[in-house]
Amino acid sequence: MASITDSVSLVPSGYTGATGLTVPTTGSYTITNAYKASGDTSNYCRITMSTSTTGYFYLTFDTSDIPSGATITSISGTVTVRVSSTSRVTNTVCQLYAGDTAKGSNVTFASTTASNTVTLSPGTGWTRVDLDDLRLRIGGTGSSSSQTKYIYLYGATLTINYSVTAHDITIQNSTTVTVTASETEVGDGDNVEIYADTLSGITVKDNGTDVTSQFVQMTGGTVSAVPGEDFTTGFSDTGVNFYQSSSTTGTGWLEYAIGHSAESPYSTSNTSNTYAKPEGDTAWINYQFDFSEIPTTATITAVSVRVYGARENSTIDTSHVARFQCYSGSTAKGTLQDFTSTSNGSVTVSDPGTWTATELHDAQLRFEIGYYGGRMLGITWTVTYEVNGYVYTITNVSTDHTIVVTAAGGGTTMLIKVNGSWVTASKVYKKVNGSWVQQSDLTNVFESGTNYKKG
């Protein structure tokens with residue numbers, strides 16, 4: 001077996017568990033100001049301490065990029081922070097937690113004049129499961145003084161080093177003149193698919209056995225998706241609990257408003273999350289969809305999006321109506337469309353736009369809210385695609401495999417898919433001067449004379 005070592009650098013992505021203090025979600029000093037690296041003092045979040053109370057809250061981090069089953073070799077981190085007065089805020093601490101379990105040791109911080117960066121003490125013995133609920137606890141004790149008591153939080157950075165073990169699959173492209181090789185690492189028990197855009201004039205061997213006839217022609221398919229847990233928002237609030245299809249019958253909806261009939265800042269109950277902003281603001285939320293199973297070589301033949309929801313008022317002018325539109329990342333697709341009813345109902349997006357497979361890998365639906373707001377109950381996004389190519393599948397990989405492709409001429413595209421995800425959308429490592437270096441993008445995995453592996 002081979003071993004892959006890697007590291008990730010994380011900044012805060014959310015917060016939870018505020019007790020005995022106030023973490024702001026609106027105004028000039030919101031918690032989102034602290035969702036950046038330590039050492040960046042361009043802005044800060046101002047946390048208000050309660051009088052004669054020990055208070056704390058937890059910063060959360062997205063660790064999904066670290067493979068399941070990874071061995072955590074070390075964690076390090078820093079926090080940039082200060083207090084408004086050392087006499088009004090005491091017992092200041094920063095400490096990492098796995099869920100409700102403290103890890104390592106707490107570290108104190110204090111400064112009344114300038115931000116300071118403190119080094120965390122994470123300890124050892126971390127597991128990959130611990131990282132599923134990795135949290136950074138920050139807090140202190142507010143004095144009995146009636147004067148204001150603040151913690152100023154600028155940002156935090158965590159670096160996690162890990163390793164994973166894998167089996168080797170070596171794939172060789174060859175022409176009548178030269179032989180080049182690529183190496184892709186996959187874990188024990190993975191299902192692997194080898195893709196070729198054409199089988200014209202080529203022979204394929206798996207561990208010396210001719211398996212050309214076992215390549216299956218790809219015909220495409222239909223994929224439906226509902227909103228995922230990742231989203232971006234034009235509101236200052238976060239904490240959405242809504243990932244449903246357009247067939248939803250009305251539970252777990254989201255309501256939005258700008259300065260009209262809305263809770264402040266929002267409710268996180270399962271049946272009503274209400275967002276509010278001042279009158280005159282523009283507000284929106286982008287729901288994101290996962291179409292990573294569709295290969296980038298696919299041709300998209302149909303896109304259908306259906307939205308279940310309503311606008312909140314029928315008598316207002318069109319500039320204040322709840323609207324929606326498809327997006328690929330920050331690029332608008334199709335046309336902006338108004339809700340036409342104040343009753344809960346399902347509406348088909350009349351113009352979702354024309355899409356490529358690559359654009360679908362960042363598919364989003366933007367819900368734009370006017371002054372009187374709107375209600376979102378569910379979304380279903382369906383894609384039909386075709387793939388011109390052929391696939392050979394190796395199931396439950398437990399030993400080394402060598403796939404050799406002999407072609408009559410050059411230009412054949414070879415890709416690899418592991419457990420349903422194409423390698424071009426996963427971590428790919430290139431061997432440079434004897435060391436594995438992660439690549440941010442590889443359109444064609446097999447570069448002549450270069451070794452690769454997938455982590």
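Here is a short tour of a few spots in this predicted model.

**Stop 1: strand β25.** Start by selecting residues 345–348, which form strand β25, and show their side chains. They alternate along the strand: Gly 345 and Val 347 point to one face and are buried, while Ser 346 and Thr 348 point to the other face and are not buried. Now add residues 299–311, strand β22. The two strands, β22 and β25, pair in the antiparallel sense, over 4 bridges. To see one particular match, pick Arg 306, whose bridge partner in β25 is Thr 348. That is the Thr 348 you have just met on the face that is not buried.

**Stop 2: Thr 157.** Next, move to strand β11, residues 150–174, and select Thr 157 within that strand. Is Thr 157 buried or exposed? Its relative accessible area is 14%, so Thr 157 counts as buried, the cut-off being under 20%. Show what surrounds Thr 157: leaving aside neighbours within four places in sequence, its contacts are Ser 9, Leu 10, Ala 37, Ser 38, Ser 76, Gly 77 and Thr 78. Among these, Ser 38 deserves a distance label, as its backbone nitrogen lies 3.0 Å from a polar atom of the Thr 157 side chain.

**Stop 3: two positive phi angles.** Finish with a look at the backbone. Select Ser 52, in the loop between β4 (45–49) and β5 (54–60). Ser 52 is not a glycine, yet has a positive phi of about 55°. Then go to Asn 91, which sits in strand β7, residues 89–98. Asn 91 is not a glycine either, and its phi is positive at about 55°. With a relative accessible area of 57%, Asn 91 is exposed.

Terms used: Residues numbered from 1 in each chain as written. Predicted model: local features only at pLDDT ≥ 70, side-chain atom pairs only at ≥ 80, totals over all residues. Heavy atoms only, no water. Buried < 20%, exposed > 50% of the residue type's maximum accessible area, 1.4 Å probe, protein only. Pairing = 2+ DSSP bridges. Polar contact = N/O pair within 3.5 Å; in protein donor to acceptor, adjacent residues only side chain to side chain. Contact = heavy atoms within 4.5 Å.
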